[in-house]
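Work through the exercises below with the sequence and the 3D structure in view. Each one sets a task and then solves it in steps.

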Amino acid sequence: MTAPLRTTCPYCGVGCGVLVTPDGRGGASVKGDPDHPANFGRLCSKGTALGETLGLDQRTLTPLIGGQAGSWDTALDLVASRFADSIRDHGPDSVAFYLSGQMLTEDYYAANKLIKGYIGTANVDTNSRLCMASSVAGHKRAFGSDTVPGTYEDIEEADLVVLVGSNLAWCHPVLYQRLAAAKQARGTKVVVIDPRRTATCDGADLHLALAPGSDAALFNAVLVALADRGAVDQSYVAQHVSGFDDALAAARTSDPAITGLAVDDLDLFLDWFVTTERVVTIYSQGINQSSSGTDKVNAILNCHLATGRIGRPGMGPLSVTGQPNAMGGREVGGMANTLACHLEIENPAHRRGVQAFWQSPAMPDTSGLKAVDLFQAAGEGRIKALWIIHTNPAVSMPDADAVASAIKACDFVVVSDVTRTDTTRLADVILPATVWGEKSGTVTNSDRTISRQRAFLPAPGQARDDWRMIADVAARMGWGDAFDWADPAAVFAEYAQLSGVAGDLGGDFDISGLAQVDYDTLPPTRWPVSAGKTGGRFFANGGFYTPDARAHMLPITPRPPATRTGARYPFRLNTGRVRDHWHTMTRTALAPRLNQHIAEPYLEIHPVDAADLGLAPATLACVSSPTGQAILRVAITDRVQQGQVFAPMHWTGDTAPTGRIDAVVAAVTDPVSGQPESKATVVAIKALNPAWYGFAVSAGPITPDATYWARARHAGGWRCELAGQTPPADWESYARALFNLPDATCLSVIDAKRGTYRLALMAEGRTLAALFIAPDPVQLARGHVADQVGQAGAALLAGRPGAGMPDPGPTVCACLNIGLHTITAAIAAQNLTSVAQIGAALQAGTNCGSCRPELAALLGQRLEAAE
Ligand code: SF4
């Protein structure tokens, strides 16, 4: 038996190592790599299900030109000539690349070299702009470079971990598990700062549900408390920091009352922060995705700099990134305002160094267009040729409808991707790309660890690696010699050599020690790696990358979100991720078990607000803003505060066309980082009040025609939620069209008085599909009904398991498919009081552990009910 291949999970910025054993038939089994320093064998639900996402369903396997299959030569000739024409006629700033944290570092390097060094524009940005641009900008303002000072081990060595704007339990589950294990082992205190009570709060010692946007005021209060209670490290500040007095003076003028926190809670937090030496502050999109995100980052960094709690074991700020290679993209210069290897466009010495290394004909001397501006420029006709690689901006950008219109309006758009998406549908040319499992390269995770992604499947059809496509276009534009790499190892070696130039120029990012390394066997390696430096922590003894080598504390004046609520838009919309999906679901939606936890887009709203608006549980609500609208399932919960709502970001035109929440999100950005404010859009909400609700299951594809629909894969088929404003004339005809089963036998149970219709379409005595219609949200055991498709008879029309067959309820533990009702019944019947006891009784939570916070919450609800 061959040894498993070591590679890296393609989802979040934790960067877990994965052991893959191919089955020789295009599939593979997947386990956590016990030797990888990010996860030590753990995987979350998404990583565990990676083997289910392999396969060629929905893949694009040939180049498509104007929707027609074409050859690679024809497609690449067209791309090169349209870019060359635009550059000749309108200058280099008339073209742009929009990249992705899903790209490997080698792909990023090739794209950045082509557009900056050869085309001569900095109009290259990445969807990482939506994720952590504010962290980059904050790091650079404070440290002089985009340096993450600490490591994951700090989480385990801290006595206090502060999570700010981070639902770590769902968005970075393996880091959360490491934190939970440390809490159990050493009693680490955990504080969660988030307007919403997320799954992460369920294991915390303190949850501070602050007012949206008030994080800077909170950390200003921390700085004042540190100063007033003698916790400032005077020696560190004197030797290594500038700006302390101004930062403290500004902090004293800001009012902590704007956080809206109870005085006792605030005092407790301040007390813990002041008196605990080993503090790690983890922050994520809740900080970054803000019109004052960079200031919030600097307010956090100020507190760590004032105390010298940085770069030492168990202490420091730690920005966690959303994407698998967001850090690699930052390092390689994939953003419009950076060069390469953390060098600066505006620095002439840096420009000369990179251009001399590349021996390139061009080098921009000013920043290019950041993501929001880039698409606005495309819509206005200023960008005439645009190459989008591995991302779906027609769904994921704020003001997504306007972005889709801009892409449509652009003269020439090429998209490299693996499946059809909302964005590829707008492209002139689609280039079929290789995907995880087929491509090789490196990624960098949130603690600077570079890991290999290794191919274990052949490239299907005509799919090609991104770096090679970019090199092929470069060659057609006349620069073949500079892009004449044999393989990704050659790209990486060149990149590592260039980083040595950066190191010589005094930069932090230097991996020149890897230039000669055996790429095939490269183990996970934290940078820097050079003759003089190895990948430890930064800044314990100063050594910042500013001109005076001092860190800069900044005076921060808190600012509220850019848009104000009012009579027309009285609610504030927060957006984020769910536990089992990743980005626009192009991969996770392929795994049936990942669709069982949450199968459709939803809107969390407080019970008081729901009552005021006449919204009942599981009905549908229309959410609108000045830019667009969405229709979402109503989830009434006090996890959100009154006046605030939350919606997940994952659903697309393919999975739930009216659930594209970024159509609602305003394209307001932070003035320093250019990062959009995706967590504070003002919205109006009203009940949709459809005439009918439906639920459908089918072995084959479902093609809905309805006001609202959301479809998801189920084992052996599909499930779909539906709703409409006008009932069709005939439900049987509707069902036959919905399932494309014109000749199937139809069995129906109709209660015309109550307005309910249940239809099963059958062939040879087996159910092929079923449709359930009701005037109110359809109530039935969805998982059970979906499981019955393909079975003999039409017992599923009952909508529930028969007598003696308990309904497991909605899935909580995705790995072992254990439902809510099963868990709550076991808790009650066996008087279970701990997550460990639930695991022993049902196995729930014993595999990847991603559901453990929800198990803890179920236990908490039972305790509350008993009190
Ligand atoms: Fe992948 Fe989960 Fe690890 Fe993130 S935490 S890298 S999604 S296995």
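**Exercise 1. Find the residue opposite valine 161 and describe the strand pairing around it.**

Step 1. Valine 161 stands opposite valine 280 in strand E12. Strands (E, at least two residues) and helices (H or I, at least four residues) are DSSP runs, numbered from the N terminus. The model is predicted: local features need pLDDT of at least 70, side-chain atom pairs count only at pLDDT 80 or more, and totals for chains, interfaces and linings use all residues. Residues are numbered from 1 along each chain as its sequence is written, and side-chain values use heavy atoms, with hydrogens and water left out.

Step 2. Strand E8 pairs with E12 (residues 279-283) in the parallel sense, over five bridges. Two strands pair if DSSP finds at least two bridges between them.

Step 3. E8 is also joined to strand E9 (residues 189-193) by five bridges, and these two strands run parallel. Here leucine 160 has lysine 189 of E9 as its bridge partner.

**Exercise 2. Decide whether the two faces of E8 are covered or open.**

Step 1. In a regular strand, side chains alternate between the two faces of the sheet.

Step 2. On one side of E8 are Leu160, Val162 and Val164, and on the other are Val161 and Leu163; all are buried, and both faces are covered. Buried means under 20% relative accessible area, exposed over 50%, and partly exposed in between (1.4 Å probe, protein chains only).

Step 3. Because five of the five residues of E8 (residues 160-164) are buried, the strand is largely enclosed by the rest of the structure.

**Exercise 3. State which strands stand at the edges of the sheet E17-E18-E19.**

Step 1. The three strands form an open sheet in the order E17-E18-E19, with antiparallel pairing.

Step 2. E17 (441-444) and E19 (525-526) stand at the edges; each has a single partner strand, so one side of each is left without a neighbour in the sheet.

Step 3. E18 (residues 449-453) and E19 are joined by two bridges and run antiparallel. Threonine 449 stands opposite arginine 526 in E19.

**Exercise 4. Locate the ligand and describe its surroundings.**

Step 1. The ligand sits in the largest cavity. A cavity is defined on a 1 Å grid over the protein atoms alone, as a set of points where a 1.4 Å probe fits but cannot get out; lining residues have an atom within 4 Å of a point. A molecule sits in a cavity if more than half of its atoms lie within 2 Å of its grid points.

Step 2. About 90 Å³ of space lies in this cavity. A volume is the space filled by probe spheres set on the grid points, which are joined across faces, edges and corners.

Step 3. The residues around the ligand include Cys9, Tyr11, Cys12, Lys46 and Pro173, where a residue is near a molecule if one of its heavy atoms lies within 4 Å of it. Helix H1 (45-48) and helix H7 (173-186) each supply at least two residues of this shell.

Step 4. The shell divides into nine nonpolar residues, two polar and one charged. Ala, Val, Leu, Ile, Met, Phe, Trp, Tyr, Cys and Pro count as nonpolar, Asp, Glu, Lys and Arg as charged, and the others, Gly among them, as polar.

**Exercise 5. Describe the lining of the second largest cavity.**

Step 1. The structure holds three cavities of 30 Å³ or more, and the second largest contains about 70 Å³ of space.

Step 2. Its lining residues include Pro195, Arg196, Arg572, Gln644 and Lys679. Strand E21 (571-576) and strand E25 (644-648) are the elements that give two or more residues to this lining. E21 provides the largest share, three residues.

Step 3. The lining divides into five nonpolar, two polar and three charged residues.

**Exercise 6. Examine the loop between E19 and strand E20 (551-552).**

Step 1. Proline 528 is found in this loop. Tryptophan 527 and proline 528 are joined by a cis peptide bond, with omega about 5°.

Step 2. Alanine 549 is placed in the loop between E19 and E20 as well. Its phi is near 65°, a positive value in a residue other than glycine.

Step 3. With a relative accessible area of 35%, alanine 549 is partly exposed.

Definitions and conventions. On a 1 Å grid over the protein atoms alone, a cavity is a set of points where a 1.4 Å probe fits but cannot get out, and a pocket is an open set with protein on both sides within 12 Å along at least five of seven lines; lining residues have an atom within 4 Å of a point.
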